[in-house]
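Me: I have a protein chain to go through. Please explain the terms as we use them.

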Amino acid sequence: MTETTPGTPAPHRSGFACLVGRPNAGKSTLTNALVGQKVAITSSRPQTTRHTVRGVVHRPDAQLVLVDTPGLHRPRTLLGQRLNDRVHETLAEVDIVALCVPADEKIGPGDRFIAEALGKIPRSTKIGLVTKTDKASKQQVAEQLLALTALGEQVLGGFADVVPASAKTGEQVDTVADVLLSHLPVGPRLYPDGELTDEPEAVMVAELVREAALEGVRDELPHSLAVVVEEMTEGENGVLQVFVWLYVERDSQKGIVIGKGGARLKDVGTRARRSVEALLGTRVHLDLRVKVAKDWQRDPKQLQRLGF
Ligand SMILES: Nc1nc2c(ncn2[C@@H]2O[C@H](COP(=O)(O)OP(=O)(O)OP(=O)(O)O)[C@@H](O)[C@H]2O)c(=O)[nH]1
């Protein structure tokens, strides 16, 4: 917090914050809760946040741009390596990095690995967040706050603040926003009011389709599905025509996505269309096609074409 002279309005603050943590720690859900609208993709399966999605928290005297990154993890494929590179690039640029740890899971080597990585980015303010407090007892939350504080002291020279919150119930989400805003540097407004994300629409549409296509089959093809929006054109009678390719790695996966007689793909299309219409505020015709792109996760050329 800053001190202000009585009568002088507090200076405007602005900057960037990034929530990091193990896969499934609740980063995307908390980002959405802070921004107040669904912009990142949540999933009960780890590592679905492929794209850096920004949301903006607007206050009269401050603006916080949230950068949502994929979970830091040990890379096994080229895709994993690219994701990690992006995480480090992002972290080096932001003002605040908040380490998220779920209230209902013991702090382990994965959290320590990330905390140590944060120790190598000296510029930013580090905040500790205990997430999913609705899943734990008061006692557990208190113990987790102590454990996270201790981890910060051991590897980071201490967190600037440690805060518990539940993105699900909304409890303490405002406090998290206040704490993050209080650590921002003095600066001008970066975005016009009301603008929630600067992700290109096509990327957000692709993510909504990907989420719908993974529903119920995450165990079979969690990381084998890439989605590309080929074209979005205004059709007759104001219906937006959206052409989308779903890339899988093997024929068997194509079968899973399409389902018996195309039934599953039809269902995916219906669900995805609803969320795309909600996002864009217009009627949409979704044209989904499934294609096999062998080993796309390992092929630099294909990765580039798919936007990674
Ligand atoms: N009960 C409860 N569940 C939560 C809360 N926040 C997130 N979850 C659930 O935890 C799971 C993971 O949440 P995400 O927000 O996708 O986690 P993430 O850290 O972004 O995960 P990755 O994208 O894999 O890195 C989802 O099933 C969420 O619904 C919370 O506050 N309470």
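Short questions and replies follow.

Reply: This is a predicted model; local features need pLDDT of at least 70, side-chain atom pairs count only at pLDDT 80 or more, and totals for chains, interfaces and linings use all residues. Residues are numbered from 1 along each chain as its sequence is written.

Me: What makes a residue count as buried in the protein chain?
Reply: It needs 20 or more other C-beta atoms within 10 Å of its own; 12 or fewer means exposed, anything in between partly exposed, with C-beta atoms placed from the backbone. Of the 308 residues, 39% count as buried.

Me: Why is the set with Val97 and Leu129 called a nonpolar core?
Reply: Because a core is a set of buried Ala, Val, Leu, Ile, Met, Phe, Trp, Tyr and Cys residues joined through C-beta atoms within 7 Å. The largest has 44 residues, and Val97, Ala98, Leu99, Cys100, Leu129 and Leu180 have the most contacts inside it. Strand S4 (residues 96-102; a DSSP run of E, at least two residues) gives the most, with six residues.

Me: Which residues does Leu180 touch?
Reply: Ala17, Leu64, Ile96, Ala98 and Ile127, leaving out residues up to four places away in sequence. A contact means C-beta atoms, placed from the backbone, within 7 Å.

Me: Which residues does the second core include?
Reply: Leu225, Val242, Val248 and Val284 are among its 26 residues, and this core is separate.

Me: Why be careful with residues 38-51?
Reply: pLDDT, the predictor's confidence in each residue from 0 to 100, stays under 50 there. Where pLDDT is low, predicted coordinates should not be read in detail.

Notes:
Helix = DSSP H or I, 4+ residues; strand = E, 2+ residues; numbered from the N terminus. Contact = placed C-beta atoms within 7 Å.
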